[in-house]
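Please open the model in your viewer and keep the sequence panel visible. Then follow the stops below in order.

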Amino acid sequence: DERPEAYEFWPKTYIVPLSPKTDTTAIFSKGPMIFKPDEGSQGDGIYLIMSKADWQRQMEVKPQDGVLQRYLGKPLLLDGQFKFDFRVYVLLLSLDPVRIFLCREGLVRACVEPYEPLSSRNKHKVSSHLTNYSLSKRERNYQHVDNPDCGKAGTKRTMSAVLANLHNEGVIDGPQCWSALREVVLNTTLAMADCLRGKLTTSSGADVPTASSMWPVGPITPNQERTSFNILGLDVILDVEQRWHLLEMNSNPSMEIDSVFPMEGAPV
């Protein structure tokens, strides 16, 4: 990209199996990593890696494809103690030109155990490090709050309520935070659209193979570039400095719901 600084929100990520040229010693010298398998979903198969030796043991026991991503060690904490992330939804209407709409409502998924800086001693405590709702709802400390306007309690909360609460408590600057999130969504979608259309090049000028194989409908046709209707789910997290980080993008996000509420002002 001509503006690499525009994508600093994406933690360093490697595709597994790693290239033989990849310096794994250098990777793990910069801190822990998190592995996400290709075949996994809803938190299944995710594990935390502390060292090169850790990684080698895991690949010997269960070699599998996936991604290896830098673990973010200083997340903003909900209620001052729980790690949390956001699921935001984006409607994609066209790849050329790119037309997207960011939904003003989304989800917040919180861990059920207080956060501790990741170490070899506590890396097995997934309930304090992984925010996946499908894992949290099985835990004894899972808390269900049936009020979408409550941003102060619950393992799953609405994004609008949490952002408003954090702003009111002086933890974040709400408008600035939302503006920064829009930039993350825009730049992520632009990169994805270029990749799907086979328009990306490497820093050396070489073409990047089209990534349309990851798209649910298969190869992209010229007509589909102009007309589309796809809902994307982006998982993002805030760090202690109020910076957004993109964890992953889902082309087929779960639309399962636990509660139904009438829209404000809508006829009942």
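What follows is a tour of selections, each with a note on what is there. Keep in mind that this is a predicted model.

**Stop 1: the loop after E1**

Select Val 16 and Pro 17. The peptide bond joining them is cis, with omega about 10°. Pro 17 sits in the loop between strand E1 (13–16) and helix H1 (24–29).

**Stop 2: into strand E6**

Go to Asp 79. This residue lies in the loop between strand E5 (77–78) and E6. Check its backbone: phi is positive, about 60°, although Asp 79 is not a glycine. Asp 79 is partly exposed, with a relative accessible area of 39%.

Now select Lys 83, which is in strand E6. Is Lys 83 buried or exposed? The relative accessible area of Lys 83 is 7%, under the 20% cut-off, so Lys 83 counts as buried. Add Thr 131 to the selection and draw a C-alpha to C-alpha distance. Lys 83 and Thr 131 are 48 residues apart in sequence, and the line should read 7.2 Å.

**Stop 3: Asp 85 and its partners**

Stay in strand E6 and select Asp 85. With a relative accessible area of 3%, Asp 85 is buried. Which side chains does the side chain of Asp 85 contact? One is Arg 109, through a polar contact of 2.9 Å. Another is Thr 131, through a polar contact of 2.8 Å. Show the side chains of Asp 85, Arg 109 and Thr 131 together to see both contacts.

**Stop 4: the strands around E8**

Switch to cartoon and color E6, E8 and E9. Strand E6 (residues 82–95) runs antiparallel to strand E8 (residues 107–110), and four bridges join them. To find the register, select Phe 86: Val 108 in E8 stands opposite.

Next, look at how E8 meets strand E9 (residues 156–158). This pair is also antiparallel. How many bridges join E8 to E9? There are three. Select Leu 107 and then Thr 158 in E9, its bridge partner.

**Stop 5: helix H5**

Move on to helix H5 (residues 159–168). Its buried residues are Met 159, Ala 161, Val 162, Leu 163, Asn 165 and Leu 166. Select that set and show side chains. As a reminder, an α-helix has 3.6 residues a turn, so residues three or four places apart point the same way.

Narrow the selection to Leu 166, which lies in helix H5. Leu 166 counts as buried, at 3% relative accessibility. Add Lys 152 and draw the C-alpha to C-alpha line. The two residues are 14 apart in sequence and 9.2 Å apart in space.

Then step past the helix. H5 is followed by Gly 170, where phi is positive, near 80°.

**Stop 6: the cavity**

Turn on a cavity display if your viewer has one. How many cavities of 30 Å³ or more does the whole structure hold? A search finds one. The largest cavity contains about 30 Å³ of space. Select its lining: Val 126, Ser 127, Leu 130, Asn 132, Leu 135, Ser 136 and Glu 139. Helix H3 (126–129) and helix H4 (133–136) are the elements that give two or more residues to this lining. Color the lining by class: three residues are nonpolar, three are polar and one is charged.

**Stop 7: cysteines**

Select Cys 103 and Cys 177. Which is buried and which is partly exposed? Cys 103 is partly exposed, because its relative accessibility is 36%, between the 20% and 50% cut-offs. Cys 177 is buried, with a relative accessible area of 4%. A disulfide is a covalent bond between the sulfur atoms of two cysteines. How many disulfides does the structure hold? The count is zero.

**Stop 8: the E10–E11 loop**

End at Gln 242. This residue lies in the loop between strand E10 (230–238) and strand E11 (244–250). Its phi is positive, about 65°, although Gln 242 is not a glycine. Gln 242 is partly exposed, at a relative accessible area of 32%. For a last view, select Gln 242 together with Asp 79. Each has a positive phi although it is not a glycine, and each is partly exposed.

Technical notes
Residues are numbered from 1 along each chain as its sequence is written. This is a predicted model: local features need pLDDT of at least 70, side-chain atom pairs count only at pLDDT 80 or more; totals for chains, interfaces and linings use all residues. Side-chain values use heavy atoms; hydrogens and water are left out. Two strands pair if DSSP finds at least two bridges between them. On a 1 Å grid over the protein atoms alone, a cavity is a set of points where a 1.4 Å probe fits but cannot get out, and a pocket is an open set with protein on both sides within 12 Å along at least five of seven lines; lining residues have an atom within 4 Å of a point. Grid points are joined across faces, edges and corners, and a volume is the space filled by probe spheres set on the points. Ala, Val, Leu, Ile, Met, Phe, Trp, Tyr, Cys and Pro count as nonpolar, Asp, Glu, Lys and Arg as charged, and the others, Gly among them, as polar. A disulfide is a pair of cysteine sulfur atoms within 2.5 Å. Buried means under 20% relative accessible area, exposed over 50%, partly exposed in between (1.4 Å probe, protein chains only). A polar contact is a pair of N or O atoms within 3.5 Å; within protein, one must be able to donate a hydrogen and the other to accept it, and residues adjacent in sequence count only if both atoms are side-chain atoms.
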